[in-house]
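Let's walk through this model together, going from its strands and helices to the spaces left between them. Keep the structure open as you read.

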Amino acid sequence: MRKRTAIALTVVAALAACGGGEGGAVQQTADGYLVESGLAQKGPLARGSVVTLNELDATALAPNGKSYSYETKDDRGTFFPSSKFTSPYLETTAQGYYFNEVTGNSDQWVALRGLSDLSAGADRAVNVNLLSDATTERIRTLVTGKPALAFKVARAKAQRELLDALGIANGADLLSGTASAPANFMELDLSQSRPADQALAAISGLVAHVGNQRNNAGGVTAFLSEMGADLGDDGLLNNSIKLGRSVTEQLQQAALAVDLGLVASNLNKAYGKTLYRKADLTPWVDSSGGRDQVIDKYKYAAEGVAAGKESLSPAWVAGTDDVGQCFSVSGGSLYKNGVKQNAPVLAAKGNQFTLGVTPPALGKRTEYLQRSAAVAAKCTGQTTAMRLLQYTVSVSSQAAIAMPADYLGANLPDITDYSYTPVYADLVKQGRAFGPTDHPWGGAADIAPVGSDLWPTGDFGIFLMTLPGMEGRYKASFTGKADVSLSASYNTKIENLRYDVALNRTTFDVVRASNADNPAGAHMVLIFKNTGAGVKNLKVVRPGYDPLNPPLFTQEFIDHVARFKVLRFMDWVRTNNNPSTTWATRTPPNLPHRTTTGVPWEHVIALANQAQKDIWINIPVAADDNYVLQLARLLKSTLNANSKIYVEYSNEVWNSQFQQFATNRNLATKELYDNPQSPLAHDGKTHVDVIGYRYIAKRGKEISDIFRGVYGDAAMMTKVRPVFASQVVQTYVAQLGLDFIDAVYGPPSRYFYAFAGAPYFNLGSLQLVDGLSVDAVLQAMSDSVTAMPKQAYFEKNVAFASWYGLPFFAYEAGADTFGPGSIAAKKAASLDPRLLDICKRYLSSWYAGGGQMLMWYTAGASNWDTQYGTWGLTTDLALTDVPKIQCMDQTRNGLLPAIKARNQVPGSFDALAYLENFEPYSEKSKDQVKYLHPGSHVDYLIHAPQAGNYSLVITASAARSGNQIDVLLNNQTVTAAFELSGNSLSTPRDNAAIPIAVPRGFSTLRIKTKAENGGFWLSKFTLR
C-alpha cells in the first residue's frame, strides 16, 4: 500500500487500516475526499483499462459534472486516483479486457459500475466488480423512490436483495465490516479470499460462463445490464422487465455447467498464489441448477437412517437478516432452540432452528427450512418463502446390515529395528543382520560370517533398535560365552552379566533409561567379543516376557490386530523389490534376524494360527513355479483350517518405482522371445506395455492354477481366493489383463476371486506444500474424501469388476500424508478429533460406492514426525483413543452404509447416465449415445437390491428400421441383433420389452451396435 498524501481530520485513518482488501484507503480531508487506490475486477481487468470516477449529488445520485479518468496499472485491475473529490458520492465505471475465470484468458470486454460514499466512517475502499454493478440501478431506485432511502440504507437493502436472489442468506453477516470482512460490495477483493470474496469468485465464474455463451450477444456486459435492470425495479431477479431470457435461468444453467475447481485454479494462476480451492467456491452456488433453490453450503443428507424415526438436520443459527423473519418448514417438524414448534415462528438473532424429517420405510425424503417476511410482526404465511436449508434422509434395505467382519482389514507394517510397532517379543528378530564389531550397522558391507545354522562363527555386533523411548530392563541370553558391550547406545547399560558353565549359557540385562533429551541417539547396539566357539540362540527379550522362553509375538501386537479379520503381509515379506526366485532363496524359518526377503512364511502362518486371522499374501515377482508350489503345500499343511488365503502376484507390478515392474516386463518379453506363439500375443499385439500388463494377469492365473492343484477345485474361491490387483486411476491396465484372460483362458472369475485397487485420500494439490495449518490439512483431506468417488473412478472400477463377475476390493487404502511439507500440521491433523469424521466418511463412501473388502494401510504404530507420512493407526500401540483407531473400531462395529447408485433396478434412468458421465451432462457427452457405429458400445452400472427377472425397455429414436444392437449384462449376451423401432431421429419410442435376469448388487449393462442404418439415439432405459 502506498503512502498517504494527506492527513485525515477524523478517525478515518484508523478505520482505513482495518479492512477493505487490497483496494486503497479512503480519506476525508479538510477540503475534500481522497482515494488511495482501487480495484476493477470481474476477474481482474487488464493493464490499461479505463476507469472513470464521476462525482454525484447527494439526492438523486446524478452526475454533478465533475469526471476523472484513470488507467489500471497492472493486470490485477489496480488503479490510482490522483484527484481530490468535492462530493463524497462517486460512481466508478471500469471498462477493459477482463480475466475470464472459466477460460483462463483475458480476451473479452466488460464494463463495470459501482457507487461509493467517501465521507468519514463510510466506505473503506473503491473496488468495482460484478456485484457492485448489478446493484447500481437498484440503489438509485431506492434513493430516489418514495419513501426515499439514505444511501447507506439503500445500498444495504440492494445488496441483501441480490444475495437473497442468488440463494445466499444473511448477507449482512457476510458483509459485517469487521477488520477481516468487507462492509459492502465495493470492498470485495478477489485477491483476499475472505468468505464474501469466495462468494464473489463463485458467482463471477457463473457470470463468465454466461458471457462465454453470449459472446456474440453482448457477452458479460450485456448480461450484467440485464441483471441490474431486473433487480432494479423490485429487488428481485424475476424477469419483471420482460427480458428475452430469464437472468435466473441463465445463472442456474451456468451452475450446472461450470467447473468451479477450474475457476479456482485459474484465479490462483492469475494472482500467482493459492487463494481458492474448489471447496471454497462450491458452497456459494446451487449446483442443482435451481431445482432445490438452496446453495450447496446448506445442503445436508443423512443416509442409512432407521425407517420411521425422525432425524434432525444441522442447526441454522439465525443471523442479522433473519431477525424478525418467519421461520417455517416445507414438511416435517420445525424446532426452535430444541423445542418443537407447531407453527411458523419469528426469529431473534442467535436462535437455532432445526428441521426434523421422518423417512419412509424405504427410499428418501427431502424437506426445507425456509424464511419469509413477517406481516405486522406476525407469521401469516402470506409472503413468499426463501429456502435456507435442505435436508435429505434416506432408508435402504441395507440400513440394518451389520458391517461384515472381512470388509475392513489391514496391511501390517514392515518389521525393522526402527518400527514403532513391537511385533516380536525378542528384539533380535526385528534386528539387523550380524555385522563386524567395529561397524555393526547391518548394511551390505557390514556382514559378519555365519555358519550353516545362520549364527555368527566369530565376534560380531547387532543393531537391535533405533527408537526413542522404549525404556526398561531387557533380559538377554545366549548359548556360549563372550564379552558383551554396548555401542552407540545412549543412556543404556549392561547389568548382571553371568555365565552358567553347566548350561553353557550367558545371561545379562540391558537397562535402557530415558533418552528424551537425545532422541537421535536412541539406539540399542550390542557387541560380542572373545566369542570362542561362537554365540548362538541370542535373545534380547522385551520387559514383561519370559526371558528364556518368550512368545513369538508381543501381546500388545496381538491385541492391536485383534480388531481386523484379514491381514495383508505385503510389507512383512518385503514384496517390493524382493529378490527371491526359488524356494531355496526364501527366508529360512531359523534365520535369527530380519532380511531383504522378509519374515519367514512360517511366521505369517504362526500369527494367523495364534490370532485366527485370514491372510493376504504376496508372491515375489520372480518366484518360480516350484516356489509357489512349496508355499501352497506349506500353507495347506500348517495353516489352520479356518483361515482364508488371499493370494496376489507381487505388489503394484504396474508401478515403475518398484523393481518388480521391470522384472515383470523382462519376464514377459523373455517369454515372447522364447516362444513367439505365446498367448501374450494371441492377437498379434507385441508392444512391451501390452504384453507386460497381460503378463501380470497371466502370472496371477498361473499362481491360481498352482494353488488349485494343491487345494483342489472345491477350495478355490472359498478358502483360496486369488486377487487381481491394479491401479484405480488407469483402468486400461487392468482391462488389458482381464480382457486377455477372458479371450485366451475363459472367464476370469475361474482364476480370480476379486479385483482390487488402492483408493487413498490425501491433500490433493497441497500434498507437498509447506506452512499449512492443521485446519488447512483437515480441509484438504475432507475435500479429497468428497471427491474420492470420482477421482478414484469408483463407478468405472465397480463396473469393470462386475463385468467379469468379481467384487471390487482395496488392497491398500487410507490417509496419505506423504511428503516433506507441513509435517507438524499433518501429524497434528492425524491426531485431531475431526479426522474421525473424515475417516468414517471416507470408508462410508467406499462401501456406499460398491467397494467391499478394504485393507487399511497400515495397522500398527509409526513415526509421524518424518516426511514419510502418518501411515500407522497411532504413534504408540498404548494410545488407542486416537481418530484412526476409533474410525476402525466404529466402522467395524457399525452398519453397512446404503449403496449409492445412480441407475437403480427397478427404475428408469437417462441414457446419458453411462459410466463416469455425471450431471451436468455436457454437449460432447451426448455424442456417446448418438450414432453408435457397429462394434462401438456404451456401458451402464446398474444396481439391484434384490435379484430377479426383469423387463428392459429401451427408449430410443431411430432413423429407420435396420438399426440393431446387442444387449449384454456382465459379459453375457441378453439378446443379440435386437432391432430398434422407429422412423425418425426426432421421436423417441419405447421398444419391445427384453427379458433380463439381474443378480443382486451391481451389474454392468452394455449396449453394443450390431448394425447401423441411418443411426439411432439412445434416450432412456427402464427396468421393471
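Strands, here and below, are DSSP runs of at least two residues, numbered from the N terminus, and two of them count as paired if DSSP finds at least two bridges between them. Please also keep in mind that this is a predicted model.

With that in hand, a good place to start is the hairpin of E14 and E15. Two residues lie between its strands, and asparagine 337 takes a positive phi near 50° there. Strand E14 covers residues 333-336 and pairs with strand E15, residues 339-341, in the antiparallel sense over three bridges. If you look for tyrosine 335, you will find that its bridge partner in E15 is lysine 340. E14 has another antiparallel partner in strand E17 (residues 352-357), this time over four bridges. Across that pairing, leucine 334 stands opposite leucine 355 of E17.

Now turn to the barrel. How many strands close into it, and in what order? There are eight, following one another as E20-E28-E29-E30-E31-E32-E33-E34, with parallel pairing. From one strand to the next, the twist averages 30°. For a local view, take strand E33 (residues 808-813) and strand E34 (residues 854-856), which are joined in the parallel sense over two bridges. Here alanine 813 is found opposite tryptophan 856 in E34. Helix H19, made of residues 834-848, packs on the sheet and touches E33 and E34 as well as strand E20 (408-411). The direction of H19 makes about 155° with that of E34.

Elsewhere on the barrel strands, helix H14 (residues 688-711) is worth a look. H14 lies across strand E29 (614-619), strand E30 (645-649) and strand E31 (720-725), and runs at about 145° to E30.

Strand E33 comes up again when we move to the pockets. The second largest pocket has a volume of about 1,400 Å³. Which residues lie nearest its centre? They are Tyr760, Phe818, Tyr857, Tyr868 and Trp871, out of 48 residues in the lining. E33 and helix H16 (774-791) each supply at least two residues of that lining, and H16 gives the most, with three. By class, the lining of this second largest pocket consists of 24 nonpolar, 19 polar and five charged residues.

Let's go next to a pair of helices. Two packed helices are described by the angle between their axes and the distance between the axes. For helix H6 (residues 219-234) and helix H7 (residues 247-257), the axes come within 10 Å and cross at roughly 125°. H6 and H7 are therefore oblique to each other. On the H6 side, the contact is made by Phe223, Glu226, Met227 and Asp230, while H7 brings Val247, Gln250 and Leu251. Sorted by class, this contact of H6 with H7 has four nonpolar, one polar and two charged residues.

Finally, what about enclosed space? Rolling a probe the size of a water molecule over the atoms shows where empty space is left. A search of the whole structure finds nine cavities of 30 Å³ or more. The largest cavity holds about 100 Å³ of space. It is lined by 15 residues, and Lys429, His593, Arg594, Val599 and Pro600 are the closest to its centre. The lining of the largest cavity divides into seven nonpolar, four polar and four charged residues.

How values were computed. Residues are numbered from 1 along each chain as its sequence is written. This is a predicted model: local features need pLDDT of at least 70, side-chain atom pairs count only at pLDDT 80 or more; totals for chains, interfaces and linings use all residues. Side-chain values use heavy atoms; hydrogens and water are left out. Axes are lines fitted to C-alpha atoms, for helices over the stretch in contact, and angles run from 0 to 180 degrees between N-to-C directions. Contact means heavy atoms within 4.5 Å. On a 1 Å grid over the protein atoms alone, a cavity is a set of points where a 1.4 Å probe fits but cannot get out, and a pocket is an open set with protein on both sides within 12 Å along at least five of seven lines; lining residues have an atom within 4 Å of a point. Grid points are joined across faces, edges and corners, and a volume is the space filled by probe spheres set on the points. Ala, Val, Leu, Ile, Met, Phe, Trp, Tyr, Cys and Pro count as nonpolar, Asp, Glu, Lys and Arg as charged, and the others, Gly among them, as polar. Angles under 35 degrees count as roughly parallel, over 145 as roughly antiparallel, 65 to 115 as roughly perpendicular and the rest as oblique.
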